[in-house]
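The exercises that follow are meant to be worked through with the structure in view. Each begins with a task sentence, and a solution then goes step by step.

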Amino acid sequence: MTEHNPNNERIKRQYFAYLKEAKRHSEPTVDAVAKALARFESDTKYRDFKMFHFQQAIAFKNHLAEEHNTVSGEKLSKATLHSTLAHLKRFFQWLAGQPSYKSRLRYSDAEYFNLSDKDTRVAMARREKNFPTMEQVRHVIATMPNGSEIERRNRALLAFTLLTGARDSAIASMKLKHVDLVGSVYQDAREVQTKFSKTFTTFFFPVGDEIRQIVEDWVNYLRGMKLWGNDDPLFPATHMLLNAARQFEAAGLKCEHWSSAAPIRTIFREAFQAAGLPYFNPHSLRSTLVRLGETLCRTPEDFKAWSQNLGHEGVLTTFYSYGAVGTRRQGEIIRDLANPQPIDSSNVAEIVKAIVRELTSQSGFPKA
């Protein structure tokens, strides 16, 4: 059975280049688009895209709704359906404008990839994120062993993630020169894998002197004991060797970066499980830090600085992506409102002005 169509492959390469070079999408995004197109082609028996008809979109949409996840065995989530169909919709809209295709395709036919309004609302619904409390993270770090250099690296890794809120991909690519023990990390996009290739400085979050000391001890160990230099990795990969039984075993560290962030997530999983807690991935600690900021920040300027420290260009990104009030906290706030306390009206006014400035700067509307 044919498993590819030469014409489709050529036009897909053009589209992937368009996404990467013109739209500046990341490799994972392009991979997701490629996966959606592969699903569609498999469903249509690799029929040429020039033969596209809206009935194919309807049939694929119905088939996808009945497909099951290979791991869980359950039907695909509405979010998966929505993202897959959205990728296909944008592709065929782009395709309808390409030479030798625009005479055969109608731009409006791509609309048949839309989910129903009901399913779209389910797919786009914001759900409460699960993240560890500050006390849980500190407990995990405190219970981690630190006898060997691998164990010291692992403990410093968790401490550094809490201290800086850096993403795991950034941490995996970070070098010693990016850390200033005076109290900051320079996330240089030329060398550090930051989101959207943004360059920014992160100052150490106020999460406790003991957390900061673990990180400082680790950096000093690499520089003073191992004599590593500025361009060497902050968190090096594990050196694996064959033992007498011809099995691989850890034999210290090697002066190389991890090739991906997967080992970091493994270290987090093992550390939380060893502490008797459910697994929380590295990214979840960013939500922990946002919750800490909500309790410590007293002015709009405070929270703006906190937001910038996480690498967010706007405060609304922090609020929208990480700042949702948890269900339990929501109940506490509503109950407390039964006995309202006096508020500082001037501070409220400043907060409102800050939000308005943020909205106008992002929307392009004239500023008041």
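**Exercise 1. Describe the chain as a whole, including the share of contacts that join residues 24 or more positions apart.**

Solution. Begin with the contacts: in this predicted model, residues 24 or more positions apart account for 60% of the contacts in the chain with a separation of 6 or more. Next, the secondary structure comes to 15 helices and five strands. Of the 368 residues of the chain, 39% count as buried. Finally, the accessible surface comes to about 21,500 Å², and 53% of this area belongs to carbon and sulfur atoms.

**Exercise 2. Work out the order and the pairing sense of the three strands in the open sheet.**

Solution. The order is 1-2-3, and the pairing is antiparallel. Strand 1 (179-180) and strand 3 (200-203) stand at the edges, and because each has a single partner strand, one side of each is left without a neighbour in the sheet.

Now take the pairs in turn. Strand 1 is joined to strand 2 (residues 184-187) by two bridges, with valine 179 opposite valine 185 and aspartate 180 opposite serine 184. These two strands form a hairpin with three residues between them, and in its turn glycine 183 has a positive phi of about 145°. Strand 2 and strand 3 are paired over four bridges, again in the antiparallel sense, and here tyrosine 186 stands opposite threonine 201.

**Exercise 3. Find which residues touch the most other members of the largest nonpolar core, and which elements contribute to this core.**

Solution. The core has 55 residues, of which Leu158, Phe160, Leu162, Val207, Leu234 and Phe235 touch the most other members. The elements that give two or more residues to this core are helix 6 (134-143), helix 7 (149-164), helix 8 (168-173), helix 9 (209-225), helix 10 (262-274), helix 11 (284-296) and helix 12 (300-309). Helix 7 supplies the largest share, eight residues.

Leucine 162 can serve as a worked case: leaving aside its neighbours within four places in sequence, leucine 162 is in contact with Met134, Val137, Ile141, Phe205, Val207, Ile211, Leu285 and Leu289. Apart from this core lies another, of 28 residues, among them Leu19, Leu64, Leu76 and Trp94.

**Exercise 4. Explain why the salt bridge between lysine 226 and glutamate 149 ties together separate parts of the chain, and set other salt bridges beside it.**

Solution. The side chains of lysine 226 and glutamate 149 meet at 3.3 Å, N to O. Lysine 226 lies in the loop between helix 9 and strand 4 (238-242), while glutamate 149 lies in helix 7, so the pair ties together parts that are 77 residues apart in sequence. As for accessibility, glutamate 149 counts as buried because its value of 15% is under 20%, whereas lysine 226, at 24%, counts as partly exposed.

A second pair is aspartate 231 and lysine 177, whose closest N and O atoms are 2.9 Å apart. This pair also links distant parts of the chain, 54 residues apart, with aspartate 231 in the loop between helix 9 and strand 4 and lysine 177 in the loop between helix 8 and strand 1. Aspartate 231 is partly exposed at 48% relative accessibility, and lysine 177 is partly exposed at 36%.

To finish, the structure holds 17 salt bridges. Among them is the pair of glutamate 27 and lysine 20, with the closest N and O atoms 2.6 Å apart.

Methods: Residues are numbered from 1 along each chain as its sequence is written. This is a predicted model: local features need pLDDT of at least 70, side-chain atom pairs count only at pLDDT 80 or more; totals for chains, interfaces and linings use all residues. Side-chain values use heavy atoms; hydrogens and water are left out. Buried means under 20% relative accessible area, exposed over 50%, partly exposed in between (1.4 Å probe, protein chains only). Contact means heavy atoms within 4.5 Å. Accessible areas come from the Shrake-Rupley method with a 1.4 Å probe; for residues, only the protein chains shown count as cover. Two strands pair if DSSP finds at least two bridges between them. A nonpolar core is a set of buried Ala, Val, Leu, Ile, Met, Phe, Trp, Tyr and Cys residues joined through side-chain atoms within 4.5 Å. A salt bridge is a side-chain nitrogen of Lys or Arg within 4 Å of a carboxyl oxygen of Asp or Glu.
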